[in-house]
Amino acid sequence: MLNPAIGKLINSCDNRYKLVNQIAKKAREISNEAEQKGEIIIEKPVTIAINQMAEKSEK
């Protein structure tokens, strides 16, 4: 998935500020999990978090 539209992402939240906070929190979780497991993440954690949020909003 390439660059999901903000319109699709905003459906899962009340406002953009809350959306940004949720994405940042998820990105930190992804980063921390990878660090604990010793994995190398090629894609940026924020991008992974955005894509996961977009997948959830489509369902």
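How many helices and how many strands does the secondary structure of this chain come to? The count is three helices and zero strands, and reading along the sequence gives the pattern α-α-α. Please keep in mind that this is a predicted model. Here is a friendly tour, starting with the whole chain and then moving inside.

**The chain as a whole**
- Taken along the principal axes, the C-alpha atoms fill a box of roughly 35 × 20 × 15 Å.
- The chain has 59 residues, and buried ones make up 22% of them.
- Among contacts in the chain with a separation of 6 or more, 48% come from residues 24 or more positions apart.

**Surface and charge**
- About 4700 Å² of the chain is exposed, with carbon and sulfur atoms supplying 51% of that area.
- The chain carries 10 positive and 8 negative charges, and the mean positions of the two sets lie 5 Å apart.

**The nonpolar core**
- The largest nonpolar core has 10 residues, and its members are Leu9, Cys13, Leu19, Ile23, Ala27, Ile30, Ile48, Ala49, Met53 and Ala54.
- Two elements, α2 (16–37) and α3 (45–58), each give two or more residues to this core.
- Ala27 is one of the core residues; leaving aside neighbours within four places in sequence, Ala27 is in contact with Pro45, Val46 and Ala49.
- Of those contact partners, Ala49 is itself listed in the core.

**A look at helix α3**
- Helix α3 has 14 residues, which at 1.5 Å a residue should span 20 Å.
- The end C-alpha atoms of α3 are indeed 20 Å apart, so the expected and modelled spans agree.
- Which residues of α3 are buried? They are Ile48, Ala49, Asn51, Met53 and Ala54.
- The cover over these buried residues includes α1 (6–10) and α2.
- Ile48, Ala49, Met53 and Ala54 also appear in the list of core residues.
- As background, an α-helix has 3.6 residues a turn, so residues three or four places apart point the same way.

**One residue to find: Gln36**
- Gln36 sits in helix α2.
- Is Gln36 buried or exposed? Gln36 counts as exposed because its relative accessibility is 71%, and the cut-off for exposed is over 50%.
- Gln36 and Leu19 are 17 residues apart in sequence, and their C-alpha atoms are 26 Å apart in space.
- Leu19, at the other end of that distance, belongs to the largest nonpolar core.

Definitions and conventions: Residues are numbered from 1 along each chain as its sequence is written. This is a predicted model: local features need pLDDT of at least 70, side-chain atom pairs count only at pLDDT 80 or more; totals for chains, interfaces and linings use all residues. Side-chain values use heavy atoms; hydrogens and water are left out. A nonpolar core is a set of buried Ala, Val, Leu, Ile, Met, Phe, Trp, Tyr and Cys residues joined through side-chain atoms within 4.5 Å. Buried means under 20% relative accessible area, exposed over 50%, partly exposed in between (1.4 Å probe, protein chains only). Helices (H or I, at least four residues) and strands (E, at least two) are DSSP runs, numbered from the N terminus. Contact means heavy atoms within 4.5 Å. The expected span of a helix is 1.5 Å times one less than its number of residues. Accessible areas come from the Shrake-Rupley method with a 1.4 Å probe; for residues, only the protein chains shown count as cover. Lys and Arg count as positive and Asp and Glu as negative; His and the chain ends are not counted. The place of a charge is taken as NZ of Lys, CZ of Arg, CG of Asp or CD of Glu.
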